[in-house]
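Trainee: Before I use these labels in my own notes, I would like to hear the reasoning behind them. Could we go through them one at a time, with the value set beside the criterion?

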Amino acid sequence: MTVISETSSPVYDVSRVRADFPILAERIHGKRLAFLDTAASSQRPLSVIEAVNDYERHHHANIHRGVYQLSQRATDRFEGSRERVREFLNARSEREIIFTRGTTEAINLVANTWGQSLKPGDEILITWMEHHANIVPWQMLCERTGALLKVIPMTRRGELDMDAFEQLLSPRTRLLACTAVSNALGTVLPLPTLIAAARRHGALVLVDAAQAVAHQRLDVQTLDCDFLAFSGHKLYGPTGIGVLYAREAILRTLPPWQGGGDMILTVSFTKTTYNDLPYRFEAGTPNISGAVGLAAAIDYLLTLGIEAVAHHEHQLLEHATERLQRIEGLTIIGEAAHKTGVISFTLEDIHPHDLGTILDSEGVAVRTGHHCAMPVMEFFDVPATARASFGCYSCNEDIDQLIGALGRAREVFG
Ligand code: PMP
């Protein structure tokens, strides 16, 4: 595996990083693959693929209940992965780390447990640039409880309107649920400022870290958030595994959500008692190999160095932005001062889906559509955008290929 130290200022050797990702050698319509859709799902390095493979070949059994050796090996690996996640987020205890299917399930878990305490007139504050996963669960909760959903507006550049934010906070605000990075615009939100302001008003804070987790360090103690959610597949890990971090003192007060095996201590027809944290919130057999793969993905990213990767992605962002801006008729949607490696754009009046199809025929994989952020599309008055996004393996050649393919699209639709 490529080793790039975080402390020395590293020369980032992207070709060595790319060699860790077998899928990048795939040919698409006979062309080189320029994979520019990491924001939707990142690719997996060999070390993750092999960790999952090793688990499946040598260690699988159901966890927690077995006295036989194989089950203990599987349990050790699953719980070892939890410890790896705890360390990664700097949570105080493993009791604060709940494995979920992903960010979406983690947010729904909070809405369905903590959310039960909401009363009519309580307020939940979200931002205009949330993914649907951080909108719809709160809307559903508000419908059930009579609480109100308030939305912090944004500016034309795609930045949060901080004055409006301050005005929306009040003693009625029970929760600020906000993304760390917008998946549609790439905007990095000023989490420390947002969290400090929410705290002053006595509100809890949930951070949707789906788009941030692979690009910035997330230390839950420094951030001082109450909940944080992310998905393994945005972090070079498998799909179907994710994490909810929740402050232990809060978790202890929450009712269980899904009922079933593993989340109980005793069951009788008259009374059921519940398991300790975090198992109380993990009903049923979990995605064991997914957790093993997630731990391997964390190891991989930390070996590259999050800061080194983020620096590399930022250089690509600047380079791609500059090149795209030179294309006549191309409009970049989202021009925040602080962005991750995500560029949304439209090209003249070519529908983004048509554009995506032409780009695909040139081997370029970009996402087109509303990116599960329909309010953002409505705000910018576009039905959809094309979105190029970068990861640790993205390179200048990918950008050259994108620019070339956009030229081809203009010929076809010109
Ligand atoms: N929030 C954000 C900001 C996202 O980008 C995504 C994935 N596109 C999600 C939530 C949902 O993640 P998942 O589908 O893995 O649950």
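Trainee: How do the residues that line the second largest pocket divide by class?

Mentor: In this predicted model, the lining of the second largest pocket divides into seven nonpolar, six polar and three charged residues. The lining is made of 16 residues, and those nearest the centre of the pocket are Phe-99, Thr-100, Glu-105, Glu-282 and Ala-283. Among these, Phe-99 and Ala-283 count as nonpolar, Glu-105 and Glu-282 as charged, and Thr-100 as polar, because Phe and Ala belong to the nonpolar class, Glu to the charged class, and residues outside those two classes are polar. The elements β4 and α4 each give two or more residues to this lining, and the pocket holds about 230 Å³ of space.

Trainee: What makes the largest pocket one that lies between the domains?

Mentor: The domain assignment gives domain 1 (14-39 + 305-409) and domain 2 (50-302), and both of them give residues to the lining of the largest pocket, so the pocket lies between them. About 430 Å³ of space lies in this pocket, and of its 28 lining residues the closest to the centre are Ala-40, Thr-104, His-131, Lys-234 and Cys-372. The elements α4 (103-113) and β16 (367-369) each supply at least two residues of the lining, with α4 giving the most, namely three residues. By class, the lining has eight nonpolar, 14 polar and six charged residues.

Trainee: How many residues of each domain are in contact with the other?

Mentor: In domain 1, 35 residues are in contact with 31 residues of domain 2, and the centres of the two domains, taken over C-alpha atoms, are separated by 28 Å.

Trainee: Why is His-233 called buried?

Mentor: The relative accessibility of His-233 is 17%, and since buried means under 20%, the residue meets the criterion and counts as buried. His-233 is placed in the loop between β9 (227-231) and β10 (242-246). When neighbours within four places in sequence are left aside, His-233 is in contact with Ala-40, Ser-41, Ser-42, Arg-44, Pro-238 and Thr-239.

Trainee: Why do His-29 and Asp-381 count as exposed?

Mentor: The cut-off for exposed is over 50%, so His-29, at 53% relative accessibility, passes it. Asp-381 has a relative accessible area of 69%, and is therefore also exposed by that cut-off. His-29 is found in the loop between β1 and β2 (31-32), and Asp-381 in the loop between α13 (374-379) and β17. Each has a positive phi in a residue other than glycine, near 50° for His-29 and near 60° for Asp-381.

Trainee: What makes the pair of Phe-21 and Tyr-393 edge-to-face?

Mentor: A search of the whole structure finds nine aromatic pairs. In the pair of Phe-21 and Tyr-393, the rings are 4.7 Å apart, centre to centre, with 65° between the planes; because pairing asks for centres within 6.5 Å and edge-to-face for planes over 60 degrees apart, both conditions are met. Phe-21 lies in the loop between α1 (14-19) and β1 (27-28) and Tyr-393 in the loop between β17 (385-389) and α14 (396-413), so the pair ties together parts that are 372 residues apart in sequence. Phe-21 is buried, with a relative accessible area of 1%, and Tyr-393 is buried at 0%.

Trainee: Why, then, is the pair of Phe-78 and Phe-99 called tilted?

Mentor: Their ring centres are 5.0 Å apart and their planes stand at 50°, which is neither under 30 degrees, as stacked requires, nor over 60, as edge-to-face requires, so the pair is tilted. Phe-78 lies in helix α3 (residues 69-89) and Phe-99 in strand β4 (residues 97-100), so this pair ties together parts that are 21 residues apart in sequence. Both Phe-78 and Phe-99 are buried.

Trainee: Which residues form an aromatic cluster with Phe-21?

Mentor: Phe-21 forms one aromatic cluster with Phe-35, Tyr-236, Tyr-300 and Tyr-393.

Trainee: How do you know that the peptide bond from Leu-277 to Pro-278 is cis?

Mentor: The omega of that bond is near 0°, and the bond is cis. Pro-278 is found in the loop between β12 (272-274) and α10 (288-304).

Key: Residues numbered from 1 in each chain as written. Predicted model: local features only at pLDDT ≥ 70, side-chain atom pairs only at ≥ 80, totals over all residues. Heavy atoms only, no water. Helix = DSSP H or I, 4+ residues; strand = E, 2+ residues; numbered from the N terminus. Buried < 20%, exposed > 50% of the residue type's maximum accessible area, 1.4 Å probe, protein only. Contact = heavy atoms within 4.5 Å. Phe/Tyr/Trp six-rings, centres within 6.5 Å; stacked < 30°, edge-to-face > 60°. Domains from an automatic or database assignment. 1 Å grid on protein atoms, 1.4 Å probe; cavity = no way out; pocket = protein on both sides within 12 Å on 5 of 7 lines; lining within 4 Å. Points joined across faces, edges and corners; volume = space filled by probe spheres on them.
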